[in-house]
Amino acid sequence: MAYGSFLKLDQSRVYTGDYSSDAFLTGTIYTDSILSTAKTLTNYTLKVRMHKPGSSGDSFNKTATIVTAASGTWKYLVATGDLPPFGIYYVKVEISSSGVLESTLNRVELYVLQGPTA
């Protein structure tokens, strides 16, 4: 049994006004803190969650899609109104399978920047 799961985001910032068909939030789940061994995500459901530093409430809680289960990769297509107001957020991913819930252990910062609006 692995000690836990660890998150690596592919981006460090997103823009609130970027809602195109390729504006994905993406990342990989690993089984180790040095991010060397991908977690196999077969039969898992993933929830991407964000909160402001110092806050315990979610500012974002969305279900992600697994891209390649064996590689631990996932994506979430950002839609209009999904992202919280601009600022710095901590991101974690909760993975669940057969009623067992696990959360990534590391703290990953994401900058939500104010972008163009329609």
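**Figure 1. The whole chain has the radius of gyration expected of a compact globule.** In this predicted model, the chain has 118 residues and a radius of gyration of 14 Å; a compact globule with that many residues would have one near 13 Å, so the two values agree. Along its principal axes, the C-alpha trace spans about 45 × 30 × 25 Å. How much of the chain is buried? Of its 118 residues, 38% count as buried. The accessible surface comes to about 6,600 Å², and carbon and sulfur atoms account for 51% of that area.

**Figure 2. The chain is built with nine strands and zero helices.** Follow the sequence from start to end and you will read the pattern β-β-β-β-β-β-β-β-β. Which residues do the contacts bring together? Take the contacts between residues at least 6 apart in sequence: 63% of them join residues at least 24 apart. The charges are worth a look too. The chain carries 10 positive and 9 negative charges, and the mean positions of these two groups lie 3 Å apart.

**Figure 3. Strand S3 is largely enclosed by the rest of the structure.** This strand covers residues 24-30. Why do we call S3 largely enclosed? Because six of its seven residues are buried, which here means under 20% relative accessible area. As you trace the strand, keep a general rule in mind: in a regular strand the side chains alternate between the two faces of the sheet.

**Figure 4. Strand S3 pairs with both S1 and S6.** Strand S1 (residues 6-9) pairs with S3 in the antiparallel sense over four bridges. S3 and S6 also run antiparallel, and five bridges join them. Gly27 in S3 is a handy landmark for this view. Which residue of S6 does Gly27 stand opposite? That residue is Trp74. Towards strand S1, Gly27 stands opposite Leu9.

**Figure 5. Ala69 sits in the loop between strands S5 and S6.** Strand S5 covers residues 60-68, strand S6 covers residues 73-77, and Ala69 is found in the loop between them. Is Ala69 buried or partly exposed? With a relative accessible area of 21%, Ala69 counts as partly exposed, because buried means under 20%. Leaving aside neighbours within four places in sequence, Ala69 is in contact with Lys39, Thr40, Leu41 and Thr42. To link this view with the previous one, find Gly27 again: Ala69 and Gly27 are 42 residues apart along the chain, and their C-alpha atoms are separated by 12 Å.

Note on methods
Residues numbered from 1 in each chain as written. Predicted model: local features only at pLDDT ≥ 70, side-chain atom pairs only at ≥ 80, totals over all residues. Heavy atoms only, no water. Helix = DSSP H or I, 4+ residues; strand = E, 2+ residues; numbered from the N terminus. Buried < 20%, exposed > 50% of the residue type's maximum accessible area, 1.4 Å probe, protein only. Contact = heavy atoms within 4.5 Å. Rg over C-alpha atoms; globule rule 2.2 N^0.38 Å. Areas by Shrake-Rupley, 256 points an atom, 1.4 Å probe, with all protein chains shown as cover. Lys, Arg positive; Asp, Glu negative; His and termini not counted. Charge placed at Lys NZ, Arg CZ, Asp CG, Glu CD. Pairing = 2+ DSSP bridges.
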